[in-house]
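I opened this notebook to keep track of what I looked up, step by step. The entries go from the whole chain to single residues.

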Amino acid sequence: MIPELQNLNESEIDLLKKIPAMVTILIAGADEEISKSELKEAVNVTKIKQSKARKELLSYYKEVAPDFEESLNELLNSYPQEAEVRSKQVIEEIERLNSILTKVDKDWAVQFIESMKDIAKRVAEAAGGVFGYLSIGYEESKLIDLKMIKVPA
């Protein structure tokens, strides 16, 4: 059990655990094609965050990372193939996070949001680009700051 999430119910905790995978799918699929390099980068980042995340998030990543790849694949298979429809659905699910973040410590919530933005950026950069230039595509750049997630007041 992640101590910071003790005030949440099971479905809220489940959503919080899926957010890194949802962010991965949203950003990787923004340009319509989800590449293996983007998925691989998300798995790598999540594994690294088990030991190198912000101190407040270490217990979160220790719980999420071991099953991350499996969770990512399950979610990926559950969403529609069409990018626009998939993105809309993922954004709606990520937006459900806003009411949950008001129930946890604000500092933890802020660190969590920043960590999700870090994952988004790393996934966007994994797609490459031309000789390392323009490594974040236009569609990804519109979503990378995860504006649908609000910092609790």
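The entries below follow the order in which I looked things up.

**Entry 1, ground rules.** I am reading a predicted model, in which local features need pLDDT of at least 70 and side-chain atom pairs count only at pLDDT 80 or more, while totals for chains, interfaces and linings use all residues. Residues are numbered from 1 along each chain as its sequence is written, and side-chain values use heavy atoms, with hydrogens and water left out.

**Entry 2, the whole chain.** I looked up the elements first and found eight helices and zero strands in the protein chain, where helices (H or I, at least four residues) and strands (E, at least two) are DSSP runs numbered from the N terminus. I then checked the overall dimensions: the C-alpha trace spans about 45 × 30 × 30 Å along its principal axes. The radius of gyration is 15 Å, which agrees with the value near 15 Å for a compact globule of 153 residues; this radius is taken over C-alpha atoms, and the globule rule is 2.2 Å times the number of residues to the power 0.38.

**Entry 3, burial and contacts.** I noted that 44% of the 153 residues count as buried, a term that means under 20% relative accessible area, with exposed being over 50% and partly exposed in between (1.4 Å probe, protein chains only). Among contacts (heavy atoms within 4.5 Å) between residues at least 6 apart in sequence, 76% join residues at least 24 apart.

**Entry 4, helix α4.** Which residues of α4 are buried? I found Phe 68, Leu 72, Leu 75 and Leu 76 in this helix, which covers residues 68–78. They lie on the same side of α4, because they cover an arc of only 100° around the axis, the arc being that of the directions from the helix axis to the C-beta atoms. These buried residues pack against α1 (10–28), α2 (36–52) and α3 (58–64), whereas the face turned away from the buried side carries the exposed residues Glu 70, Glu 74 and Asn 77.

**Entry 5, Thr 24.** I looked up Thr 24 in helix α1 and found this residue buried, with a relative accessible area of 0%. Leaving aside neighbours within four places in sequence, its contacts include Phe 68 and Leu 72, both of which I had listed among the buried residues of α4.

**Entry 6, Ile 113.** My last residue, Ile 113, sits in helix α7 (residues 106–126) and is buried, with a relative accessible area of 1%. Its C-alpha atom is separated by 8.5 Å from that of Leu 146, 33 residues apart along the chain. Beyond neighbours within four places in sequence, Ile 113 is in contact with Leu 101, Ile 149, Lys 150, Val 151 and Pro 152.
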